[in-house]
Amino acid sequence: MSDQTKQIKELLMDKERFKAMCKSIFDEMDKDKGGSIDINELEAALIKMSKKNGVPAPSKKDIQDTMKIFDKSKDGKIQLDEFIQVTKESYEKMVKNDL
């Protein structure tokens, strides 16, 4: 297991730290403070989080696919709880693939 994978796994295990990290980035990207982010804000947030944790950034297609899956209301926006779930699943996939 790589050092990066170990770091991600440790972050996922510390649920409070993980949620706090996601909320901090989400709040920063939620420019209008409306409680949701659009696809451009989502992309910026995921790239920032990837850089912060030294992991590969998702592709544009991955981001578009993510938006389709997690935008439950189909309004083109993701709420905080959806953002946390998206990020958690992405990180779990990285751990599984030992990225």
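Which helix gives the largest share of the lining of the largest pocket? The model is a predicted one, and the pocket is a convenient place to enter it. The largest share comes from helix 5, with eight residues. Helix 5 covers residues 80–97, and together with helix 3 (39–53) and helix 4 (60–70) it belongs to the helices that each supply at least two residues of this lining.

The volume of the largest pocket is about 470 Å³. Its lining consists of 21 residues, and those closest to the centre are Pro58, Asp62, Thr66, Ser90 and Lys93. By type, the lining divides into twelve nonpolar, five polar and four charged residues. Where empty space is left among atoms can be shown by rolling a probe the size of a water molecule over them.

From the pocket we turn to the nonpolar core. In soluble globular proteins, nonpolar side chains tend to be buried together. Here the largest nonpolar core has 25 residues, and Phe18, Met21, Phe83 and Tyr91 have the most contacts inside it. Two or more residues of this core come from each of helix 1 (3–13), helix 2 (15–29), helix 3, helix 4 and helix 5. Phe18 can serve as an example of the packing. Apart from residues up to four places away in sequence, Phe18 touches Leu11, Leu12, Ile84, Thr87, Lys88 and Tyr91.

Two of the residues touched by Phe18, Leu11 and Leu12, lead to helix 1. The buried residues of this helix are Thr5, Ile8, Leu11 and Leu12. Why do they lie on the same side of helix 1? Around the helix axis they cover an arc of only 125°, and therefore they share that side. The background is a matter of helix geometry: an α-helix has 3.6 residues a turn, so residues three or four places apart point the same way. The buried residues of helix 1 pack against helix 2, helix 3 and helix 5. On the other side of helix 1, the exposed residues are Asp3, Glu10 and Met13.

Helix 4 can be read in a similar order. Its buried residues are Ile63, Thr66, Met67 and Phe70. Viewed down the axis of helix 4, these residues fall within an arc of 100°, so they line one face of the helix. Thr66 is also one of the residues closest to the centre of the largest pocket. The cover over the buried residues of helix 4 includes strand 1 (36–38), helix 3, strand 2 (77–79) and helix 5. Lys61, Lys68 and Ile69 are exposed on the face of helix 4 that is turned away from its buried side.

Next come the loops. Asp14 sits in the loop between helix 1 and helix 2. Because its relative accessibility is 34%, Asp14 counts as partly exposed. Along the chain, Asp14 and Ala57 are 43 residues apart, and their C-alpha atoms are separated by 22 Å.

The loop between helix 2 and strand 1 contains Lys33. Although Lys33 is not a glycine, its phi is positive, at about 55°. Lys33 counts as exposed, with a relative accessibility of 58%.

A positive phi is also found at Lys74, a residue other than glycine, where the value is near 55°. Lys74 lies in the loop between helix 4 and strand 2. Is Lys74 buried or exposed? Its relative accessible area is 59%, and Lys74 is therefore exposed, given that the cut-off for exposed is over 50%. Asp75 is placed in the loop between helix 4 and strand 2 as well. At 43% relative accessibility, Asp75 counts as partly exposed. Asp75 and Glu41 are 34 residues apart in sequence, while the distance between them in space, C-alpha to C-alpha, is 14 Å.

The last stop is back in helix 5, where Leu80 is found. With a relative accessibility of 23%, Leu80 counts as partly exposed. Which residues is Leu80 in contact with, leaving aside its neighbours within four places in sequence? They are Cys22, Lys23, Phe26 and Gly35. Leu80 and Lys9 are 71 residues apart along the chain, and 21 Å separates their C-alpha atoms.

Definitions and conventions: Residues are numbered from 1 along each chain as its sequence is written. This is a predicted model: local features need pLDDT of at least 70, side-chain atom pairs count only at pLDDT 80 or more; totals for chains, interfaces and linings use all residues. Side-chain values use heavy atoms; hydrogens and water are left out. On a 1 Å grid over the protein atoms alone, a cavity is a set of points where a 1.4 Å probe fits but cannot get out, and a pocket is an open set with protein on both sides within 12 Å along at least five of seven lines; lining residues have an atom within 4 Å of a point. Grid points are joined across faces, edges and corners, and a volume is the space filled by probe spheres set on the points. Helices (H or I, at least four residues) and strands (E, at least two) are DSSP runs, numbered from the N terminus. Ala, Val, Leu, Ile, Met, Phe, Trp, Tyr, Cys and Pro count as nonpolar, Asp, Glu, Lys and Arg as charged, and the others, Gly among them, as polar. A nonpolar core is a set of buried Ala, Val, Leu, Ile, Met, Phe, Trp, Tyr and Cys residues joined through side-chain atoms within 4.5 Å. Buried means under 20% relative accessible area, exposed over 50%, partly exposed in between (1.4 Å probe, protein chains only). Contact means heavy atoms within 4.5 Å. The arc is that of the directions from the helix axis to the C-beta atoms.
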